[in-house]
Amino acid sequence: MTTHKTQVAIIGSGPSGLLLGQLLTLAGIENIVIDRVSKDYILSRVRAGVLEEGTVEMLDKAAIGERIHKEGMLHSGFSYAFSGRMERINLRDLIGKNVMVYGQTEVTQDLMDAREKSGAPSIYEVDEAHPVDFDGQKPYVSFKKDGVGHRIDCDFIAGCDGYHGPSRMSVPATAIQTFEKEYPFGWLGVLADVPPVRHEIIYANHSRGFGMCSMRSTTRSRYYIQCAHDDHVDNWSDDEFWDELRRRLPQEVADDVTTGPSFEKSIAPLRSFVAEPMRFNKLFLAGDAAHIVPPTGAKGLNLAVSDVYYLYEGLLEYYREKSTAGIDDYSQKALARVWKAVRFSWWLTHCMHLFPSTTEFDRKIQEAELDHLAKSVAAQTAVAENYVGLPF
Ligand code: RFL
Ligand code: PHB
């Protein structure tokens, strides 16, 4: 058995775990990050693409903002299509804010580089990680590496290990309540080195199902189409994907789509999920370990960042001022923001997708909702306020 000692043991090296680790390291608070998989595997997962201003501010605070400001694409609005029409939400005019299009993979890479530079310890490809005794005075994380048992003795454990990770699962069922909604479809996404069809993101409502145009750079596009929840990427050749995407876009946009070979194709299930509370004495859940939102509205990664903000502030207060006020408030503060993003992404998912239960009546309601949005500055302002991210 190898024993390590630190102040905060972090399970999970996704954006939540790495950002928390980086902020703590900068504040002189020791931490160790562990993950089940390798760095390369984490960097091969294509996920979110839109950063709220508050997220960018946090990444600046973590001293990793340089490449984001250089290579990220500042968007002052986004478009949505329905009934052959295209409308735009002007975020900058409505709410005075922008969003930054910059891939999660790049954020993760920047955080990994900063961690390596700082010399803070990380252990990858560990097995059987578990938070232990988090309700007692001597919490620790146990795991195996290359068959050898390890433990990290610590003050606190941050469960940043995603939806399937061991942290939330270790909490006794009587101490946790979960709220869940599964959507009866998924998103099939492709990445291709072709110029994006428009310079801003387009969300398209169509009678064949949702379609979406996004990007990672001026030469790399990210497109999605709604698919069946049990569909498989092997069922979709590139040509079939491009044909279906174009069918779901307004004609003038479809005509401009540049197609090409995809180099990544994956299906993400859509789910809304919240676990309450997010703190169990010495164990804190953050990011996807505590909640999942459907990608419509791009809130998942941004919520992980606001959780980390509240947790970091609480831990800082604990170590600097010997006060538990911040960590005592963590769960309540984080959940208040989480539920608003859960509501917004649930609402946008309902406006934009075709459900198996969707009737002609429901289609008319979607059309009325989107037409109202196009005509009402009040409705647009509410959407813009949520899209750029509620304050934290
Ligand atoms: P992550 O990124 O899932 O990282 C968790 C880390 O924990 C590790 N882990 C373990 N480590 C040790 N022992 C174990 N037993 C472990 N089990 C798991 C994992 O290997 C992993 O490295 O969670 P985090 O850091 O909270 O970050 C959250 C974001 O990743 C997430 O909210 C977004 O990516 C959600 N999401 C999207 N969000 C958007 O805003 N826009 C999108 O387009 C978008 N697409 C997506 C997504 C999430 C997806 N998942 C989770 C299936 C597409 C997909 C496919
Ligand atoms: C993406 O670029 O992957 C993306 C953008 C906006 C969303 C979801 C995903 O709402």
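**Exercise 1. The shell around ligand 2**

Task: In this predicted model, sort the shell around ligand 2 by residue class, and find how many residues are nonpolar, polar and charged.

Solution.
Step 1. Sorting by class gives eight nonpolar, three polar and three charged residues in the shell around ligand 2.
Step 2. The shell holds 14 residues, and those that come nearest to ligand 2 are Tyr 203, Ser 214, Arg 216, Tyr 224 and Pro 295.

**Exercise 2. Polar contacts and cover of ligand 2**

Task: Find which protein atoms lie within 3.5 Å of an oxygen atom of ligand 2 as polar contacts, then state how much of the ligand's accessible area the protein covers.

Solution.
Step 1. Start with the side chain of Ser 214, where an N or O atom is 2.6 Å from an oxygen atom of ligand 2.
Step 2. Turn to the backbone: an N or O atom of Pro 295 lies 3.0 Å from an oxygen atom of ligand 2, and a polar backbone atom of Gly 297 is 3.2 Å from an oxygen atom of the ligand.
Step 3. On its own, ligand 2 has 280 Å² of accessible area, and the protein covers 98% of this.
Step 4. Strand S16 (211–215) and strand S17 (221–228) are the elements that give two or more residues to the shell.

**Exercise 3. A sheet of three strands**

Task: Give the strand order of the open sheet that contains S4, S5 and S8, and explain why one side of S4 and of S5 has no neighbour in the sheet.

Solution.
Step 1. The order is S4-S8-S5, and the pairing is antiparallel.
Step 2. Strand S4 (50–51) and strand S5 (73–75) are at the edges; each has a single partner strand, so one side of each lacks a neighbour in the sheet.
Step 3. Between S5 and strand S8 (residues 99–101), the antiparallel pairing runs over three bridges.
Step 4. For His 75, the bridge partner in S8 is Val 99.

**Exercise 4. Gln 380**

Task: Decide whether Gln 380 is buried or exposed, and find which backbone oxygens its side chain reaches.

Solution.
Step 1. Locate the residue: Gln 380 belongs to helix H13 (residues 377–387).
Step 2. The relative accessible area of Gln 380 is 13%. Buried means under 20%, so Gln 380 is buried.
Step 3. A polar atom of the Gln 380 side chain lies 2.9 Å from the backbone oxygen of Leu 373. The side chain of Gln 380 also reaches the backbone oxygen of Ala 374, at 3.1 Å.
Step 4. Setting aside neighbours within four places in sequence, the contacts of Gln 380 are Ile 89, Leu 94, Leu 373, Ala 374 and Lys 375.

Definitions and conventions: Residues are numbered from 1 along each chain as its sequence is written. Chains are lettered from A and ligands numbered from 1 in the order in which they are written. This is a predicted model: local features need pLDDT of at least 70, side-chain atom pairs count only at pLDDT 80 or more; totals for chains, interfaces and linings use all residues. Side-chain values use heavy atoms; hydrogens and water are left out. Helices (H or I, at least four residues) and strands (E, at least two) are DSSP runs, numbered from the N terminus. Buried means under 20% relative accessible area, exposed over 50%, partly exposed in between (1.4 Å probe, protein chains only). A polar contact is a pair of N or O atoms within 3.5 Å; within protein, one must be able to donate a hydrogen and the other to accept it, and residues adjacent in sequence count only if both atoms are side-chain atoms. Contact means heavy atoms within 4.5 Å. Two strands pair if DSSP finds at least two bridges between them. A residue is near a molecule or strand if one of its heavy atoms lies within 4 Å of it. Accessible areas come from the Shrake-Rupley method with a 1.4 Å probe; for residues, only the protein chains shown count as cover. Ala, Val, Leu, Ile, Met, Phe, Trp, Tyr, Cys and Pro count as nonpolar, Asp, Glu, Lys and Arg as charged, and the others, Gly among them, as polar.
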